[in-house]
Structures are given as C-alpha cells and as structure tokens.
Amino acid sequence: MENLTNQAYTEMVKKASPPSKSAKNIPMAFLFGGLICALGHFFIQMFKQAGLSDEIAFPAGSIALIFLAVLLTGLGVYDKLARHGGGGTLVPITGFANAIAAPALEFKSEGYVLGLGAKMFSVAGPVIVYGVASGIIYGVIIYLMGAY
Amino acid sequence: MPTHTGNYTITMERCPSLLGFAAVGSKKEADGPIGNNFDIISSDALFGQKSWELAEGQMQKVAAEKALSKASLSPGDIGMLFAGDLLNQITASHYGLRELGIPFMGLYGACSTMSQGLILAAMMVEGGFAGKSMAVTSSHFCSAERQYRFPLEYGGTRTPTAQWTATAAGAVIVGESPSPPYVRSVCIGSIENKDVKDLSNMGAAMAPAAALTLGRFFKDTCTGPDNYDVILTGDLGEIGGTLLAQLMERDGYKLNGKHADCGLILFDKEAQDTGAGGSGCGCAAAVLCAYLLPRMRAGKINEVLFMATGALMSPTSVQQGQDIPGIAHLVHLSTKKSGRPEVS
C-alpha cells in the first residue's frame, strides 16, 4: 500500500470497472426515444384531425407528452421505463417533465413551500437557467447580426 | 486488560461475547439469497411510518428490540448504546432509538458503522465501562437516495459500477458470556484515499482503506488469509472486492477465495439489478446478524475477520470536487476465546 501512487491506483480502478453496456444501451435509447417522438407526432396528427391549426397542434402535442410523462411518474412507472430506455427517455420533453414531477412527489413530505415548491426544480433547474441564459445570448447575437 | 499487538491491533483479554443479534430488512432484501435468514421482514418499506427517514428509525428500533428479546434482556440491562446511520445528523438513530432510554452515543462512519459500533461496544465491555452494550445501524434505500442522489421516481440511469443501498438494519448486544461468538481483537482503520472521485464507484474508493487495515492486522498478528475461514468486507461490491484482492496480493497476501463481501451476499446482483452489489450501513449489519453470526453460533464458521468499510464523503464535498476518503475497521470474531487461529 505504501508505494502505490494515486495514478497507479487509478489505472487499477479503470481496469476493474466494467464500462457501460453501450451495445445494448444505445439501440434501446434509440428505440425508446424514437417511440416517444413517434407518439408525439401521433398526438400532433390527432390534434390536427380534430381541427387545430399547426400553430396550436405542435404545442398541444408537447403538452400531451408532458401530461403522460407526469402521469407515469406519479404512477411509479416512468423510472422503470427509464431503466431500459436510458438516454431515450431522458432526452425528449418527457424526461424533463419527469425531472420536475419526481422531486415534487419526493419532497412533498417536507411541506408544500420548502419541500415541494423549493425542491421541484432541483434536477431540472439548471436546464432552465442555462436554457434561458443561452437563449438570451443567442438572441443578442442574432439581433447584432441584424437578422431581425 | 486488553493488550496491544503490533502497532494497530488491540487484543481482548476477557473476549466479550455477542449475546444477541437481529436483522431487519424489506422486500428486496427478502428476495435476495439470504432473505430467509432475516429475523423480521417488512414488505412495507415505510414500516408503517409517514416518511422514509422515520421508517429507517423504526427499522433500528425493531432490530434493537428483537435483539434484546432474543437475548432475553430488556433495555434497562444495556449500559451503553452505539448507533449510527447515513442520514444528516444521524436522525434515524436518534429518532428510532430514543424511546429505549439507553445511554446513547451516536456514530457516523458511513457504511463502516457496524464495525465501528461493534468495536466500541466490545471495548466498553472489555474495559468494564458497561456490563452489556449494544451496537445498532441501518440504511434505507429511499432515504439514502433522496439525500445523496436523485428522487426515487426520477428516470436517471445508473452506471454498472454503482451500488444499491440496502433497506436493512442490524443490532448486536455485547456482554460477557461463556458462549460464542467472541470478539478476539479489533483493528481500527485510518482514513485512506487514493484520489477516487467517482460517487458511482464507492467500492473503488474504499478498497485501499480495506487493504490498509487488513494488511496492518495481518502484520500485527503474524497471520494471513489462511488463518481465517472468511474475511467478510462490508460493501466493497464486485469492483472493490477485485481491487482489494489485487492490493493485498501486491503486499504479499493471497486472499485465495477467503474473501466475501456483504454486498454480494445480500443481493443477487444480476437477478436483482443491484449494479456492483449492495451497500449501506444496513448491508454489513444485516449480513453480520442474519447470516454470519448464526453460522458462527452453530459452529459452521469459526474464525472470521469482519470488516465494514465506509466512504466518508458528502454531496457537498463531491460537488466541490474533493476525492472520497475511505475507512475500514476490522473485528476478529471467533468461536474460541483463546488460541491462535490455525492455518486451514
């Protein structure tokens, strides 16, 4: 133990730790992500058929997916799907909905204000912060380039 | 009087006995390979409580009461109680055990708490500071996840190196008795880190501490793996276990199949999807109380080195980019009060 350097041990750890099963994870993520997006399109087509304009049908499709994701989170199903879906269930809008609904459920036990209200954005908060911040930066760039 | 053997090992003279012990678990633990050995299983992971934290405290209380009843003792018979868990301010222990009214000392040794508690409880009896003492610890998957990782329903994925926190508790009562198992000697570990920063690979973070303590104990006692029936680590898991064997071999000790890990005994890691194995204070405590001690009492296993290992980080220290300090405390348990463990 005395003459084991941190670097040498890091090498040992690397060798002993199995890598993620990419051969299984990547196709599964593709499948789940694709299915969620296809479902989104199904909703959009349905709303169009029901007479909604394109401008309304697209956001309505997103809202339907969000509703479904939150419902499945509440029923305790979404995390089980995500165990198989991986990135496929994380990346689409449903993953974002899950990331907000899950802490809301979890931290309800600490009250509605300091628990649910404060912790609701503990996972998704950074996405919102940096999403809005980068939106502003790109907006300024586009404005300066005279695109508008 | 206890004597010092070598630099780090403390050898007991009176060799306190483990008078009573009990293990409590929940559904996933019941479904595991040693599920039938638990004293109490609750399929309700909330243990009738309204929060996961209170549920964990309730597990400790149930485990302590069961250990007392198995030893035909009451809380008033216990002079000192050592307990700890993974939660901030070790609330599971404080809330769960407050009704027992036993003089109490809270411990935080992360997943090494069972060894830590057992060592202190045994020392108190050996030194005459307590007639009987008790060590209790627990972990709960749900309370640990929400404190250290993500909300339960969050659909994140786990890396293959991650471990699964056991929902389990264990309680051991130590006192003087002519019946085994006995605490023969103890070796308190030092904090050791080798720059592992990955929160999802705690086995790797703790393995150097385990190797350090085990090496010191072997050197102090002039023994080796062959002198013992089993060297049982707490929750190194598969990766930590592999690394421990490699580190020990570097120092000239071949574990030769003598090493077992509580995290790999408690769960079937493939069938139960527990990553690199089980973890948590309750993992080592439950395997000790449900699996190891009954076998020692039955005379099936005689010489054991029990070494629970802990990773002493917090979410804050990890977010601040610090590496993860590890610790491992060793307890030599035996069915004999004297004599050197023979090479088998």
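# A tour of a predicted two-chain model

Start with chain A of this predicted model. Among its elements, helix H3 (residues 54–74) of chain A has the highest mean pLDDT (96), and helix H5 (residues 87–90) of chain A has the lowest (90). For chain A as a whole the mean pLDDT is 93, with 99% of residues at 70 or more.

**Stop 1: a contact between the chains**

Select Glu110(A) and Arg146(B). Their side chains form a salt bridge, 3.0 Å from N to O. The pair joins two chains, because Arg146(B) sits in helix H5 (residues 141–148) of chain B while Glu110(A) belongs to the loop between helix H6 (93–106) and helix H7 (112–119) of chain A. Arg146(B) has a relative accessibility of 9% and counts as buried, whereas Glu110(A) is partly exposed at 38%.

**Stop 2: salt bridges in chain B**

Now select Glu249(B) and Lys254(B). A salt bridge connects their side chains, with 3.9 Å from N to O. Glu249(B) has a relative accessible area of 45% and is partly exposed; Lys254(B), at 48%, also counts as partly exposed. Going back to the residues of the previous stop, add Glu106(A) and Glu53(B) to the selection: with Glu110(A) and Arg146(B) they make one network of salt bridges that share partners.

Next, pick Glu99(B) and Lys61(B). Their salt bridge has its closest N and O atoms 3.4 Å apart. The two residues are 38 apart in the chain and belong to distant parts of it: Lys61(B) is in helix H2 (residues 52–70) of chain B, and Glu99(B) is in the loop between helix H3 (91–97) and strand E6 (104–107) of chain B. Which of the two is buried and which is exposed? Glu99(B) is exposed, with 60% relative accessibility, and Lys61(B) is buried, with 16%. Over all chains, the count of salt bridges comes to 18.

**Stop 3: a loop residue**

Select Gln89(B), found in the loop between strand E5 (80–84) and H3 of chain B. Gln89(B) has a relative accessible area of 63%, so this residue is exposed. Then add Pro33(B), 56 residues away along the chain; the C-alpha atoms of Gln89(B) and Pro33(B) are separated by 32 Å.

**Stop 4: the second largest pocket**

To find the second largest pocket, select Met1(A) and Glu2(A) together with residues of chain B, including Asn7(B), Tyr8(B), Arg216(B), Asp251(B) and Tyr253(B). The space in this pocket is about 320 Å³. Its lining divides into 5 nonpolar, 2 polar and 5 charged residues.

**Stop 5: the cavities**

How many cavities of 30 Å³ or more does the structure hold? There are 2.

The largest has a volume of about 150 Å³. To centre the view on this cavity, select Leu86(B), Tyr148(B), Arg149(B), Met202(B) and Met313(B), which lie nearest its centre among 15 lining residues. Of the lining, 10 residues are nonpolar, 3 polar and 2 charged.

The second largest cavity holds about 50 Å³ of space. For this one, select its lining: Arg149(B), Thr161(B), Ala162(B), Gln163(B), Leu199(B), Ser200(B), Asn201(B), Met202(B) and Ser279(B). By class, the lining of the second largest cavity has 3 nonpolar, 5 polar and 1 charged. Arg149(B) and Met202(B) appear in the lining of both cavities.

Methods:
Residues are numbered from 1 along each chain as its sequence is written. Chains are lettered from A and ligands numbered from 1 in the order in which they are written. This is a predicted model: local features need pLDDT of at least 70, side-chain atom pairs count only at pLDDT 80 or more; totals for chains, interfaces and linings use all residues. Side-chain values use heavy atoms; hydrogens and water are left out. On a 1 Å grid over the protein atoms alone, a cavity is a set of points where a 1.4 Å probe fits but cannot get out, and a pocket is an open set with protein on both sides within 12 Å along at least five of seven lines; lining residues have an atom within 4 Å of a point. Grid points are joined across faces, edges and corners, and a volume is the space filled by probe spheres set on the points. Ala, Val, Leu, Ile, Met, Phe, Trp, Tyr, Cys and Pro count as nonpolar, Asp, Glu, Lys and Arg as charged, and the others, Gly among them, as polar. A salt bridge is a side-chain nitrogen of Lys or Arg within 4 Å of a carboxyl oxygen of Asp or Glu. Helices (H or I, at least four residues) and strands (E, at least two) are DSSP runs, numbered from the N terminus. Buried means under 20% relative accessible area, exposed over 50%, partly exposed in between (1.4 Å probe, protein chains only). pLDDT is the predictor's confidence in each residue, from 0 to 100.
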